[in-house]
Every structure is written in structure tokens, then in C-alpha cells.
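Here is a friendly walk through one protein chain. Have a look at the sequence and the 3D view before reading on.

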Amino acid sequence: TSDPGTDNLIVDGVITSPAQPGFSAYKSSATSNINDAITTVVFDTEIFDNNADYAHATGIFTAPVTGKYLLGCNLRIEDINTTTDFIWVYFVTTRGTYRRNLIRYDAMGFSTQVLYWMHTSTILADMDAGDTAYIQVDASAGGSVFDIYGSTSATAQRDTHFWGYLQG
């Protein structure tokens, strides 16, 4: 049944909102040899996009309504060279940037190049209708080089993944 005057559906007493803003996308191919520059990560393949608010060609989510959005990403960073001190993950939104430390390489005690490192972060972003959000990475230290993993394999496609959902 449906709830008159809303887009909600009631199924066995549970209210669902099929038009609730939400998206999930993954990176289908690797980006290689990223160095000491801020790089936007484009998650180019949608798993779902409830209202066509996520642009898979640019990796940018646009909030369709004002509210609090839970945004998250999982990144698989590969072939991190030994000159890297830090790798940062940025949730860039219209209202501000949230910085997360993916790896502090120099403090980890690694003496050789790291094959891969997994990182997951979430934020709760206050967004107005029309505000945008996307993910960037940045390495610090001269000569930092790393790759961002991407895959179409069903078991690995969520290794590098970006998602968001309107919380209210």
C-alpha cells in the first residue's frame, strides 16, 4: 500500500522511501602513478543511484534536498613508495572539506614499498539542495607515488567505493 500524500510505501508495516536520495559507485579501473598532487577520485560505475544525483563521469554527488548526508568511501591504495610520509583522504563538500588520514607511512615502520593499504572513512555532512560532494586523495613528501585500485570483478569492485545517503 502507499501512504497518501507521500512517496512512502508501507510493506508489512515497514515504511520505505524508494525516492530517498542515495547512491553507491565504485572505481572500475586503476589510476596509476599518483604523486604529490591532490587528485580527485572518480568512481565511474554506479551500483545504484536512486534519483540520478551522482555523476559517474565526474565522481560528484549533488544533494537534491537540504539535509544531513552520511557519506563514506573505501579506498584501496597500492604500490606506495617509501618516500611517502602521509596519504590524506578528503571529503570535499560545498560547505567545507573533511580531511582523513589514510596512512602515516613514516610512523608505520615500513622499510619497503607497501603492496596495498585499505582505508574506510565516513562523515555526516550538512548539505543544502544543490551542494556537492566528492573524494580527493593527496600524498605528502617529495617523490610520493602510489596507485588507486579499481576493478570490475564482482568480488573486488567495492574495494574502491563511494556511497551516500540522506539521513534526515
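What follows goes from the whole chain to its core, its salt bridges and a few single residues.

## Before you start

This is a predicted model: local features need pLDDT of at least 70, side-chain atom pairs count only at pLDDT 80 or more, and totals for chains, interfaces and linings use all residues. Residues are numbered from 1 along each chain as its sequence is written, and side-chain values use heavy atoms, with hydrogens and water left out.

## The chain as a whole

Going by secondary structure, you'll find one helix and 15 strands here. Both come from DSSP runs numbered from the N terminus: H or I of at least four residues for helices, E of at least two for strands. The chain has 168 residues, and 42% of them are buried. Buried means under 20% relative accessible area, exposed means over 50%, and partly exposed is in between, with a 1.4 Å probe and protein chains only.

The accessible surface adds up to about 8100 Å², and carbon and sulfur atoms hold 51% of that. These areas come from the Shrake-Rupley method with a 1.4 Å probe, and for residues only the protein chains shown count as cover. Now for contacts, which are heavy atoms within 4.5 Å. Take those between residues at least 6 apart in sequence: 72% of them join residues at least 24 apart.

## The nonpolar core

In soluble globular proteins, nonpolar side chains tend to be buried together. The largest nonpolar core in this model has 29 residues, and Leu-71 and Phe-146 touch the most other members. Such a core is a set of buried Ala, Val, Leu, Ile, Met, Phe, Trp, Tyr and Cys residues joined through side-chain atoms within 4.5 Å. Elements giving two or more residues to this core include strand S3 (22-26), strand S10 (86-93), strand S13 (132-140) and strand S15 (161-166). Strand S9 gives the most, with six residues.

Which residues does Leu-71 contact, leaving aside its neighbours within four places in sequence? Among them are Phe-23, Phe-61, Phe-91, Ile-123, Met-127, Phe-162 and Trp-163.

## A network of salt bridges

Side chains of opposite charge can pair when their charged atoms come close. The structure holds six salt bridges, each being a side-chain nitrogen of Lys or Arg within 4 Å of a carboxyl oxygen of Asp or Glu. One of them pairs Lys-68 with Asp-126 at 3.4 Å, N to O. That pair links distant parts of the chain, with Lys-68 in strand S9 and Asp-126 in strand S12, 58 residues apart. Lys-68 counts as partly exposed because its relative accessibility is 39%, and Asp-126 is also partly exposed, at 31%.

Next comes Arg-95, which has a salt bridge with Asp-128, the closest N and O atoms being 3.1 Å apart. Asp-128 sits in the loop between S12 and S13, and Arg-95 in the loop between S10 and strand S11 (96-104), 33 residues apart. Arg-95 also meets Asp-131 in a salt bridge of 3.7 Å, N to O. Asp-131 lies in the loop between S12 and S13, 36 residues from Arg-95. Is Asp-131 buried or exposed? It counts as buried, because its relative accessibility is 9%. Arg-95 is partly exposed at 46%, and so is Asp-128 at 29%. Lys-68, Arg-95, Asp-126, Asp-128 and Asp-131 are linked in a network of salt bridges.

## Along strand S12

His-119 belongs to strand S12 (residues 114-127). With 11% relative accessibility, His-119 counts as buried. Its side chain makes a polar contact of 2.5 Å with the side chain of Ser-121. A polar contact is a pair of N or O atoms within 3.5 Å; within protein, one must be able to donate a hydrogen and the other to accept it, and residues adjacent in sequence count only if both atoms are side-chain atoms.

Tyr-116 is in S12 too, and is partly exposed with a relative accessible area of 40%. Together with Leu-115 and Met-118, Tyr-116 makes a nonpolar surface patch of about 310 Å². Patches are made of residues with over 30% relative accessible area and no salt bridge, with like charges joined within 9 Å and nonpolar side chains (Val, Leu, Ile, Met, Phe, Trp, Tyr) within 5 Å.

## A stop at Thr-40

Thr-40 lies in strand S5 (residues 39-41) and is partly exposed, at 35% relative accessibility. Leaving aside neighbours within four places in sequence, Thr-40 contacts Thr-58, Tyr-134, Ile-135 and Gln-136. The side chains of Thr-40 and Gln-136 share a polar contact of 3.1 Å.
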